[in-house]
Amino acid sequence: MERIELIAPCHFGLEAVLKREILDLGYEIARVEDGRVTFYGDTEAVCYANIFLRTAERILWKVGSFRAVTFEELFESTREIPWERYIPKNGKFWVTKAASVKSKLFSPSDIQSIMKKAMVRRLGECYKMEHFPEDGAPYPVRVFLMKDEVTVGIDTSGVSLHKRGYREVSGKAPITETLAAALIMLTPWKKDRILVDPFCGSGTFPIEAAMIAADIAPGMNRSFTAEEWTNLIPKKHWYDAVEEAGDRIRDDVEVDIQGYDADRSVIKIARRNAKEAGVGHLIHFQERDVSELNHPKKYGFVITNPPYGERLEEKEALPGLYRAFGESFRRLDSWSAYMITSYEETEKYFGRKADKNRKIYNGMLKTYFYQFQGPKPPKRGGR
């Protein structure tokens, strides 16, 4: 099989989690950069990466990289990419997104327009055509410019991979599925340990944890743009990946995963989402205020996304909310707590300095992943 380079963008600050996932799938890492991991694979890897990776935002098939400081250089270098190898005569092609950082070429719309013209010129010369019907499979192109270095990839995913297909409706300020999965994977939580989210909203943390516990592949119930690329990827690759995903599911896994929220309406949404994800039977959702956070067992985990107070009227309630959270958590004296929030006074009102604190960008919003670590449980079978 042809060896190709694939690019997996992710949240800034979570590259190491994605790298570990890619290695676990058996692929070789090419490089790790801010917000993305590049790796080597084959056409089958396109299917497996889209279906199995929990923390990637999308999978791009890298088709070229070059340096460009003028639009003429951008045009000529784009034209040199062998587009005919990827895009058939009736393929629909366009530059869906251009991102530029610290580069002389910085206008996304100009970059997109010039690259499209270069693609048309190249394909026109190869196929001896002046006009393209573009009524076939879609081949959306994405381009990154970093310090005048241009990286070009064709998007194999289509809709972002955080859209698993189970969340039709969200509560307020939802956390994305990819970010939730990455944060869970940053903690020592395992399926035999208790997990509680006291601000569960539409249920993303509990659902992603249950999917990890039951080994449910995040992309097995959705479609991808590259499924239509029959000129590049045999349909059998997709069938094989989905079949393996189905074989790996452990529906009978025993877990203790709970989600609480003070808002009854979002608890209904969370239950519906969990059912859609196939993990409704693995999670206990309950209408409950954070002041009532408790559990009879020891050594559990709280993993949560409390309110940030982005709106002024909400900000006034935050000191009391975080104070109540901190007081409740202190009763769970052997537990660990992990929370993502942009609230700068979290530690002050929670009543404890975090053991670790990691800066993570949730979109354009700078957030912190506070880690309050409890004692490790004694090893089973030990003295």
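Below, a student and a tutor talk through why parts of this predicted model are described as they are.

Student: What should I know before we start?

Tutor: This is a predicted model, where local features need pLDDT of at least 70 and side-chain atom pairs count only at pLDDT 80 or more, while totals for chains, interfaces and linings use all residues. Residues are numbered from 1 along each chain as its sequence is written, and side-chain values use heavy atoms, with hydrogens and water left out.

Student: What makes a stretch a helix or a strand here?

Tutor: Both are DSSP runs, numbered from the N terminus: a helix is H or I over at least four residues, and a strand is E over at least two.

Student: Why is Ser 77 called buried?

Tutor: Buried means under 20% relative accessible area, exposed means over 50%, and partly exposed is in between (1.4 Å probe, protein chains only). Ser 77 has 17% relative accessibility, so it counts as buried. This residue lies in helix H3.

Student: What does Ser 77 touch, leaving out residues up to four places away in sequence?

Tutor: Ser 77 touches Phe 66 and Arg 67. Contact here means heavy atoms within 4.5 Å.

Student: Why is helix H5 described as largely enclosed?

Tutor: Helix H5 covers residues 177-186, and 8 of its 10 residues are buried, so the rest of the structure largely encloses it. Among the buried ones are Glu 177, Leu 179 and Ile 184. The buried residues of H5 pack against helix H1 (15-25), helix H6 (204-213) and strands S11 (301-304), S12 (336-341), S13 (356-362) and S14 (365-372).

Student: Why is H6 also described as largely enclosed?

Tutor: For H6, 9 of the 10 residues are buried, so the rest of the structure largely encloses this helix too. Its buried residues include Phe 205, Pro 206 and Met 211.

Student: How do you know that S13 and S14 pair?

Tutor: Two strands pair if DSSP finds at least two bridges between them. S13 and S14 have 7 bridges, in the antiparallel sense. Ile 360, for example, stands opposite Thr 367 in S14. Their hairpin has 2 residues between the strands, and Gly 363 takes a positive phi near 70° in it.

Student: How do you know that S11 and S12 pair, and in which sense do they run?

Tutor: S11 and S12 are joined by 4 bridges and run parallel. Here Thr 304 stands opposite Met 339 in S12.

Student: What is the order of strands in the open sheet?

Tutor: The 7 strands follow the order S10-S9-S8-S11-S12-S14-S13, with mixed pairing.

Student: What makes S10 and S13 edge strands?

Tutor: Strand S10 (283-287) and S13 each pair on one side only. Neighbouring strands of the sheet are turned by 20° against each other on average, direction ignored.

Student: Which strands does H6 touch when it packs on the sheet?

Tutor: H6 touches S8 (195-197), S9 (257-261), S10, S11 and S12, and its direction makes about 170° with that of S9. Axes are lines fitted to C-alpha atoms, for helices over the stretch in contact, and angles run from 0 to 180 degrees between N-to-C directions.

Student: Why are H3 and H4 called oblique?

Tutor: Under 35 degrees counts as roughly parallel, over 145 as roughly antiparallel, 65 to 115 as roughly perpendicular and the rest as oblique. H3 (residues 71-80) and H4 (residues 108-127) pack at about 40°, with their axes 8 Å apart. H3 and H4 are therefore oblique to each other.

Student: Which residues of H3 meet H4?

Tutor: Those in H3 are Phe 71, Leu 74, Phe 75, Thr 78, Arg 79 and Glu 80; the residues they meet in H4 include Ile 111, Met 115 and Arg 122.

Student: What makes the phi of Glu 134 worth a look?

Tutor: Most residues other than glycine have a negative phi. Glu 134 is not a glycine, yet its phi is positive, near 50°. It is found in the loop between H4 and strand S6 (138-146).

Student: Why is Glu 134 called partly exposed?

Tutor: Its relative accessibility is 26%, so Glu 134 counts as partly exposed. Asp 215 is partly exposed as well, with a relative accessible area of 25%. Asp 215 also has a positive phi, about 55°, although it is not a glycine, and its place is in the loop between H6 and helix H7 (235-248).
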